[in-house]
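User: I have a model open and want to go through its helix packing and internal cavities. Can you take me through it?

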Amino acid sequence: MNERLGPIPDHALTSAQRAAAQEIIDGPRGAVYGPFVPLLRSPELMLHAQRMGEYLRYRSAIGARLSELAILVTARQWNQQVEWAIHAPIAAQVGIPASVIAAIAARERPADMLVDEAVVHDFCIELHETKAVSDRVYADALALFGEQGAVDLMGICGYYTLLAMVMNTAQTSVPQVGGALAHLDSRQGGRRGRE
């Protein structure tokens, strides 16, 4: 599959694209990659999106470990290979167990989650699959994270859905991250090795 909106050669960048790219390079990401490659075609949209993402990824009220869990659930819901390739290793580094990551990849509810992980998982699954969150699941999130945390969790699901839509449409190439990362199987469930 060929990328529809791959990297723009440096000589072809407009001044607005060049400035937007530089803002991302100067921030915590350090480079233009993943969804920001296709989004660079709309530099103002890209900058607004990256600012939201910078908050949600690095400073959300639920913390990095649970944010990464929510990102993985969203990546799986959208069969988004780039999000998965980038965030599965980060999730492992911040303390999400390999068994939880593998279960999400297989579209199964992980059996061995901590209470806060279970609340995030169930909230995200309900929001993605039913387009709403039940009173019980919402109350669990509110009790653990407060209103700001619950809103940030909604924001993470929405933001990474936007990025998944962009990359799925643009057919963004999966980056070469680490060694033996598995691709998500876009069929019913499960994982498969790199092809």
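**Helix packing and cavities**

Analyst: This is a predicted model. Starting with helix 3 (residues 43-58) and helix 8, their axes come within 10 Å and cross at roughly 130°.

User: What does that angle make helix 3 and helix 8 to each other, parallel or oblique?

Analyst: Helix 3 and helix 8 are oblique to each other, because angles that are not under 35 degrees, over 145 or from 65 to 115 count as oblique.

User: And which hand is the crossing of helix 3 and helix 8?

Analyst: Left-handed.

User: Which residues in helix 3 and helix 8 meet?

Analyst: From helix 3 there are Ala49, Gln50, Met52, Gly53, Tyr55, Leu56 and Arg57. They meet Gln148, Asp152, Gly155, Ile156, Tyr159, Tyr160 and Leu162 in helix 8. By class, the contact of helix 3 with helix 8 has 8 nonpolar, 4 polar and 2 charged residues.

User: Next pair. How do the axes of helix 5 and helix 8 cross?

Analyst: At roughly 125°, with the axes coming within 9 Å. That angle makes helix 5 oblique to helix 8. Helix 5 makes the contact through Val82, Glu83 and His87, and helix 8 through Tyr160, Leu163, Ala164 and Met167. The classes in the contact of helix 5 with helix 8 are 5 nonpolar, 1 polar and 1 charged.

User: Now helix 4 and helix 5. Where do the axes stand?

Analyst: The axes of helix 4 (residues 63-77) and helix 5 come within 9 Å and cross at roughly 150°. Helix 4 is therefore roughly antiparallel to helix 5, as angles over 145 degrees count that way. Helix 4 passes helix 5 in a left-handed crossing.

User: Which residues meet there, in helix 4 and in helix 5?

Analyst: In helix 4, they are Glu68, Ile71, Leu72, Thr74, Ala75 and Arg76. Their partners in helix 5 are Glu83, Trp84, His87, Ala88, Ile90 and Ala91. The residues of this contact divide into 7 nonpolar, 2 polar and 3 charged.

User: Switching to empty space. How many cavities of 30 Å³ or more does a search of the whole structure find?

Analyst: It finds 2. The largest cavity holds about 100 Å³ of space.

User: What lines the largest cavity?

Analyst: The lining has 13 residues, and Pro35, Phe36, His87, Tyr160 and Leu163 lie nearest the centre of the cavity. Helix 5 (81-93) and helix 8 (135-170) are the elements that give two or more residues to the lining.

User: What's the class split of the lining of the largest cavity?

Analyst: The lining has 9 nonpolar, 1 polar and 3 charged residues.

User: Which of the residues nearest the centre of the largest cavity also make the contact of helix 5 and helix 8?

Analyst: His87 of helix 5, with Tyr160 and Leu163 of helix 8.

Note on methods. Residues are numbered from 1 along each chain as its sequence is written. This is a predicted model: local features need pLDDT of at least 70, side-chain atom pairs count only at pLDDT 80 or more; totals for chains, interfaces and linings use all residues. Side-chain values use heavy atoms; hydrogens and water are left out. On a 1 Å grid over the protein atoms alone, a cavity is a set of points where a 1.4 Å probe fits but cannot get out, and a pocket is an open set with protein on both sides within 12 Å along at least five of seven lines; lining residues have an atom within 4 Å of a point. Grid points are joined across faces, edges and corners, and a volume is the space filled by probe spheres set on the points. Helices (H or I, at least four residues) and strands (E, at least two) are DSSP runs, numbered from the N terminus. Ala, Val, Leu, Ile, Met, Phe, Trp, Tyr, Cys and Pro count as nonpolar, Asp, Glu, Lys and Arg as charged, and the others, Gly among them, as polar. Axes are lines fitted to C-alpha atoms, for helices over the stretch in contact, and angles run from 0 to 180 degrees between N-to-C directions. A crossing is left-handed if the near helix is turned anticlockwise from the far one by less than a right angle, and right-handed if clockwise. Contact means heavy atoms within 4.5 Å.
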